[in-house]
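Take a look at the model below. We will walk from the interface to the symmetry, then to a sheet and its helices.

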Number of protein chains: 2
Amino acid sequence: MKYVLGHKNPDTDSIISAIAMADFLGDGYMPARSGDLNKESLFVLNEFGIESPELPELNEVEGFVLVDHNQEAQMFDGLDKSKIEMIVDHHNLGGLALLSPIFIRIEPTGCTATIIYKLYKEAAREIPENIKKLLLASILSDTLNFSSPTGTEADKMVANEIARETSIKIDEFAAKMFKAKSDLTGMPISRVVSADYKEFEMGKFNVGIGVFETVDPAPALERKGEIVEAVRELQQEAGVDYIFFAVVDIVVDMAYLIMPTDKEKEVATAIFKGDLEDDVLKIPGVVSRKKQMVPSLQKYLENV
Amino acid sequence: MKYVLGHKNPDTDSIISAIAMADFLGDGYMPARSGDLNKESLFVLNEFGIESPELPELNEVEGFVLVDHNQEAQMFDGLDKSKIEMIVDHHNLGGLALLSPIFIRIEPTGCTATIIYKLYKEAAREIPENIKKLLLASILSDTLNFSSPTGTEADKMVANEIARETSIKIDEFAAKMFKAKSDLTGMPISRVVSADYKEFEMGKFNVGIGVFETVDPAPALERKGEIVEAVRELQQEAGVDYIFFAVVDIVVDMAYLIMPTDKEKEVATAIFKGDLEDDVLKIPGVVSRKKQMVPSLQKYLENV
């Protein structure tokens, strides 16, 4: 079996890109997930009547296609990298080394779904109706309905084209998605902290960054004490040098960066302007881990 | 100025891909070279009336496009990798890490020229007549007129299409190119050794591999003693852990691997079947550094 796989702690773009890319590649390729789905992804799949992909069966794997990531630290655990046969992504190159040349398509778009849309068009292939709707949801998710600095003209063009063809009302649909994502009901705080968590190599350090995007940060911020505890536990477990967790208010564009120790505070206050109160740095205008948090942290930590 | 650049010690695919990609990108992009041209490249440019590109002016650089390589060790010296804005290549990923996402297109084709041909086609852009001829020369050069295991169906299709459209006779033209490449006249032996030399990180080691492709290995092999001396000097200069130099007979598909010390002999004899005589290991069927030498060496040295 050949699997199409997004990154660990999958977000909506990772899950949808796996589903769409497996459809694009056709026979022999199956979408899989590298972790539990978040509430936004579950909402979207449910809305369009698509089943959630399964975890890959490592002992049955003949090959992998990676979507929405290219760093080893973010790959499904146990993956044999010699079996990677293709990468489609929109992130920065993270230092992966392979023995053989493979097909790699990376573009600085707002999401991987936009690149997959282009692959269909270049191959003059019809996109199935429900895949088209999924791709639109993916674009709205990863660009926060174009309120994030990660959105590009290409994403907008594709989103508008699909919205026209499928009669989906973008703002209305995005609001529903973000409401689903913001829902903390029934989620243990450890899950809130780890649901959208990624690790990066930055200079000599391993850095973990978790993000919780929400249209209403109050319920999460009220549980700040619990969150700090959960972040400390996650840091222990992951064995990273630095760990950050951001509650991101996607309505007013504000990150609340929650930090477990003085070490993180020292780095964060050196990089970002913002108000520090106890363990929380309030950073106006910052919403994107990829475009704003990671590059600043990487630049800083590579020169420490 | 924005430059399109191939790797150090450029081969014909590197030079032609830089010229073609700069044409494809258009205004503001200029092809450059990362070293001296070999006799094959000079012959091809001369044949189609194209001027040799210049070295880039590092103090004028606003951006770079890399073609035909993606490893830092093979980039033009002094290049600031934060200025890389695009990579088009057909080699394995070599561990490059960047701060931001950029456009990356890597395919396991026989040469970079074939990917650039596809870019023109996907954009529905007319390819200028002389660029078309250059692309054909590039394919024939990198696939040794399809006698190397690196050639793919995609390369063949493109080559045949261009040959039809331009009335170039493939076998005849390839023979002329390879004769030009095989010509040792006026070349100091140090230049023969370093002309097509690349460095790789393999596990804990830095490894240099030089290749001299020829339709007649005799003149080079007669100067084996001088070559061993030159390889030793190059190893000193480059400070690599292992260094190999292969005289490759592209008519009968045979590599003569010339090794400066017992260290290289130990590794090479463990990997390749072949007759060892003094400093030369005769390996039948091996012609490709990328597809045959590098993967075997890398696999071995990563597990030492």
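Chain A and chain B bury about 2,300 Å² between them, and carbon and sulfur atoms give 66% of that area. Buried area here is the accessible area (1.4 Å probe) that two parts lose on being put together, summed over both. Three residues, Leu93(A), Leu99(A) and Pro101(A), supply 32% of what chain A buries against chain B, more than any other three residues. In this interface, 26 residues of chain A are in contact with 26 residues of chain B. Contact means heavy atoms within 4.5 Å.

Some ground rules. This is a predicted model, where local features need pLDDT of at least 70, side-chain atom pairs count only at pLDDT 80 or more, and totals for chains, interfaces and linings use all residues. Residues are numbered from 1 along each chain as its sequence is written, chains are lettered from A and ligands numbered from 1 in the order in which they are written, and side-chain values use heavy atoms, without hydrogens and water.

Now the symmetry. A turn of 180° and a shift of 0.0 Å along the axis lay chain A on chain B with an RMSD of 0.0 Å. That is the relation of a two-fold axis. The same surface serves both copies: 100% of the contact residues of chain A recur in chain B. Copies are superposed by least squares on the C-alpha atoms of residues with pLDDT of at least 70 in both. Of the residues of chain A, Gly95(A) comes closest to the rotation axis, at 2.0 Å (C-alpha).

Next, look inside chain A. Six strands form an open sheet with mixed pairing, in the order β6-β7-β8-β9-β11-β10. β6 (197-202) and β10 (275-277) of chain A stand at the edges with a single partner strand each, so one side of each is left without a neighbour in the sheet. Strands pair if DSSP finds at least two bridges between them. Helices (H or I, at least four residues) and strands (E, at least two) are DSSP runs, numbered from the N terminus. Strands β9 (residues 254-258) and β11 (residues 280-284) of chain A pair in the antiparallel sense over 5 bridges. There, Leu257(A) stands opposite Leu281(A) in β11(A).

Helix α10 (residues 262-271) of chain A packs on this sheet and makes about 60° with the direction of β8(A). Helix α11 (residues 289-302) of chain A runs at about 35° to β6(A). Axes are lines fitted to C-alpha atoms, for helices over the stretch in contact, and angles run from 0 to 180 degrees between N-to-C directions.
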